[in-house]
Amino acid sequence: MNKIFTFLLLFFTFSGFSQSAKPKFEGQATTSTDKVDTRNHAIIPQWRGKKTLGNITFDNDFDGARLNGITQNNDTLYTAIIAAENYPINPSPWYAFKLTGKKPSTIWVNLTYLNAKHRYFPKISRDGKTWQVVDSTDCVLVKDPEAKNRTFQENALSESAFVRIRVDEKPTWISAQELMTSAIVNNWSKGILKNKFVSSEIIGKSPQNRPFQCLRIGEDKTDSKIMIVIGRLHPPEVTGQFALQAFVESLCMDSEIAKKFRKEYTVFVVPMMNPDGVDNGHWRHNTGGIDLNRDWSDFNQPETQFVRDFLRKKLNGTKSKLYFGIDFHSTWDDIFYTNLTESPTNMDGLIKRWFGALEQAIPDYKVNSRGSKPASGVISKAFFNKEFNAEALVYEVGDNTSRDFTILKSKTAAEKLMILSLEYLK
Ligand SMILES: [Zn+2]
């Protein structure tokens, strides 16, 4: 009996069912958000097209694709080379490509990376819209022997991965995460815009001429009480995009709370902050070659300037106030990055109460958060606080957090935010 129990315990520990065995994510290194030069840094454009090797055609000619090179080792093995838009860069090695075969066959593709390791467990699709995680028996991770016992974050990454793919004349997509291009996000925005209390404005055009859409949710024509939601500064951070969408959908619900909230507060949403980077399949940067979430102090890049200028126009010299700012991202695990502010904000204590409400609402859930001083900050939450005295945070979703939990948590977060911010009016 004991042996069986031990076996089961080990099984659940290693298969990730045991939450307590998972070490707590302490957040990215604090030095990683230090001020850096955000003036343009050249990028290497990706060659795009189709390449046929043997029976198989590889295709990276679509939005969000990234495949920098492909070679054939033998009849059933190919090597893919994945590279970043420029270096140095964070370890978020995005890849996405499509395969077809003249006749049905099964091949292996070895995913290899230039100056990076394998991070994202592959996702597969037959229509480019619905995705599944590749079956674990179809993906072999090649780990450095020293990393074998490490199970968490950057240190535990594999050197490369072999993916088994069944190919036929219909395309098969392989991607680091579900494809969420700027066109897909625009389509989602169109759905949100069907609500009569939602309108939108183009607040700029990206360097490659993609529109920068800002949605406006609310029924107070004076826009006196403002909140801002932004996301997708970093292209591979698709799980953050899922959370953003669920959050915004909840603000648009037909519930009594949401109706009351929309009478009082106006929420502006920029769901796609880096459309060029996303559609070019970048690992992190925009076409200026810069991490946009290090540019909220110097504002050298057009994408950050659009939001800064929009908020200044709404808030400076008006009676309006910014109460809350939220920026959706993805990282190794769920975490919130908050501001440690010295003086009271426009909605002082909101985020602290909000965390408490989240823990009460979601069984067995503990908020993981870390604060930093906004004074010298170069990321969005610091800007929202320093310039407009807003409560602000970064909402990070784990790369592998279950999509269902991501949506549940985000919907709950939106609902609790609406309830708490209405309490401030009493
Ligand atoms: Zn990010």
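Where is the place of F299? F299 sits in the loop between α5 and α6. The legends below describe this residue and other details of a predicted model.

**Figure 1. F299 in the loop between α5 and α6.** Most residues other than glycine have a negative phi, and most peptide bonds are trans. F299 has a positive phi, near 50 degrees, although the residue is not glycine. With a relative accessible area of 7%, F299 is buried.

**Figure 2. I290 and the residues it touches.** I290 belongs to the loop between α5 (275–279) and α6 (302–315). Its relative accessible area is 6%, so I290 counts as buried. Leaving aside residues up to four places away in sequence, I290 touches D37, T38, R39, N40, H41, H285 and Q301. From I290 to N300 there are 10 residues along the chain, and the C-alpha atoms of the two are separated by 9.3 Å. A42 and I290 are 248 residues apart along the chain, yet their C-alpha atoms are separated by 9.0 Å. A42 itself is in the loop between α1 (2–14) and β1 (50–53). Unlike I290, which is buried, A42 is exposed, with a relative accessible area of 62%.

**Figure 3. The zinc ion and its protein donors.** Which protein atoms are the donors of the zinc ion? They are ND1 of H234, OE of E237, listed twice, and ND1 of H329, at 2.1 to 2.5 Å from the ion. Angles among the four donor atoms run from 56 to 146 degrees, and the site is irregular. A tetrahedral site would need all angles to lie between 85 and 135 degrees, and the range of 56 to 146 degrees found here goes outside those limits. Along the sequence the donor residues follow the spacing H-x2-E-x91-H. Distant parts of the chain are linked by the pair E237 and H329, which are 92 residues apart. E237 is in the loop between β14 (225–231) and α3, while H329 is in strand β16 (residues 321–331). Both residues are covered: E237 is buried at a relative accessible area of 8%, and H329 is buried at 1%.

**Figure 4. Packing of helix α2 against helix α3.** Two packed helices are described by the angle between their axes and the distance between the axes. For α2 (residues 182–192) and α3 (residues 238–251) the angle is about 10 degrees, and the axes are 11 Å apart. Angles under 35 degrees count as roughly parallel, and α2 and α3 are therefore roughly parallel to each other. On the α2 side the contact is made by V185, W188 and I192. On the α3 side the contributing residues are Q241, L244, Q245, V248 and E249. Sorted by class, the contact has five nonpolar residues, two polar residues and one charged residue.

**Figure 5. Helix α8 and its surroundings.** How many of the nine residues of helix α8 (residues 380–388) are buried? Seven are, and the helix is mostly covered. The buried residues are S380, K381, A382, F383, F384, N385 and F388. The elements covering them include the strands β14, β16, β17 (335–339), β18 (369–372) and β19 (391–398), together with helix α6. Strand β16 is also the element that holds the zinc donor H329.

**Figure 6. N389, just after α8.** N389 is in the loop between α8 and β19. The phi of N389 is positive, near 60 degrees, in a residue other than glycine. Is N389 buried, partly exposed or exposed? Its relative accessibility is 26%, so N389 counts as partly exposed. F299, which also has a positive phi, is buried.

**Figure 7. The cis peptide bond from Y87 to P88.** The omega of this bond is near 0 degrees. P88 is placed in the loop between β4 (77–82) and β5 (96–101).

**Figure 8. N115 in the loop between β6 and β7.** This loop runs between β6 (105–113) and β7 (123–125). N115 counts as exposed, with a relative accessibility of 63%. Between the C-alpha atoms of N115 and K205 the separation is 32 Å, and the two residues are 90 residues apart along the chain.

Key:
Residues are numbered from 1 along each chain as its sequence is written. This is a predicted model: local features need pLDDT of at least 70, side-chain atom pairs count only at pLDDT 80 or more; totals for chains, interfaces and linings use all residues. Side-chain values use heavy atoms; hydrogens and water are left out. Axes are lines fitted to C-alpha atoms, for helices over the stretch in contact, and angles run from 0 to 180 degrees between N-to-C directions. Helices (H or I, at least four residues) and strands (E, at least two) are DSSP runs, numbered from the N terminus. Angles under 35 degrees count as roughly parallel, over 145 as roughly antiparallel, 65 to 115 as roughly perpendicular and the rest as oblique. Contact means heavy atoms within 4.5 Å. Ala, Val, Leu, Ile, Met, Phe, Trp, Tyr, Cys and Pro count as nonpolar, Asp, Glu, Lys and Arg as charged, and the others, Gly among them, as polar. Donors are N, O and S atoms within 2.8 Å of the metal (3.2 Å for Na, K and Ca); water is not among the atoms, so sites may look incomplete. Four donors count as tetrahedral if all angles lie between 85 and 135 degrees; four count as square planar and six as octahedral if opposite donors are over 155 degrees apart and all others between 65 and 115; anything else is irregular. Buried means under 20% relative accessible area, exposed over 50%, partly exposed in between (1.4 Å probe, protein chains only).
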